[in-house]
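Welcome! Open your viewer, switch on a cartoon view with side chains available, and let's take a short walk together.

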Amino acid sequence: MGAGVVVPIKAKYAGVRDACVEYARQRAVSGQPVVGTALRYTCDAGTVYNLFSKKWVHERAGCSLTHEQYHAQLRACLQDMRAQMTRNGEEWLAMPKIASGIDGCRWEDVERIIRETFAGTDVHILVCYL
């Protein structure tokens, strides 16, 4: 949680880093995997989701993970986020172009995964540049 799109997000949602560390610790203690999950974090600034799409921050699609592995893990994160958004009645999602910079995925592939994951829902998605 130190480079890419996360930098401006950490600045706006100051407590999200600590929440992510605690979330990952709790899942490890209980024997639950963290990869493929999403953490919903709410504070005065609003709500943000952190997607745990890889075990280590230095992992990259095409290097330490195959593109297929990364895509599967990203899809699982998005499915978890979709379920949480549905439970919380959230219909709007503004997000940056995730996974297509430092993480090494093609945006076209990531966009397809996002569209497939949210197809048939009432969630409206806006992709933003940070």
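Start by selecting the buried residues of helix H4: Trp107, Asp109, Val110, Ile113, Ile114, Thr117 and Phe118. Look down the axis of H4, and you will find these buried residues within an arc of 165°, so they line one face of the helix. Keep in mind as you go that this is a predicted model.

Next, show what that face packs against: helix H3 (67–87), strand S3 (92–96) and strand S4 (124–128).

Now try the distance tool on H4, residues 107–118. Its twelve residues should span 16 Å at 1.5 Å a residue, and the end C-alpha atoms are indeed 16 Å apart. Just after the helix, click on Gly120, whose phi is positive, near 80°.

Stay on H4 and select Glu111 and Arg115, which sit four residues apart, about one turn of the helix. They form a salt bridge, with the closest N and O atoms 3.2 Å apart. Are these two buried or exposed? Glu111 is partly exposed, with a relative accessible area of 28%, while Arg115 counts as exposed at 58%.

The whole structure holds eight salt bridges. For another, select Arg40 and Glu90, whose side chains meet at 2.6 Å, N to O. This pair links distant parts of the chain, 50 residues apart: Arg40 is in strand S1 (residues 37–43) and Glu90 is in the loop between H3 and S3.

Finish with Asp103 and Lys54, joined by a salt bridge of 2.3 Å, N to O. Both Asp103 and Lys54 are buried.

Definitions and conventions
Residues numbered from 1 in each chain as written. Predicted model: local features only at pLDDT ≥ 70, side-chain atom pairs only at ≥ 80, totals over all residues. Heavy atoms only, no water. Helix = DSSP H or I, 4+ residues; strand = E, 2+ residues; numbered from the N terminus. Expected span 1.5 Å × (residues − 1). Buried < 20%, exposed > 50% of the residue type's maximum accessible area, 1.4 Å probe, protein only. Arc of directions from axis to C-beta. Contact = heavy atoms within 4.5 Å. Salt bridge = Lys/Arg side-chain N within 4 Å of Asp/Glu carboxyl O.
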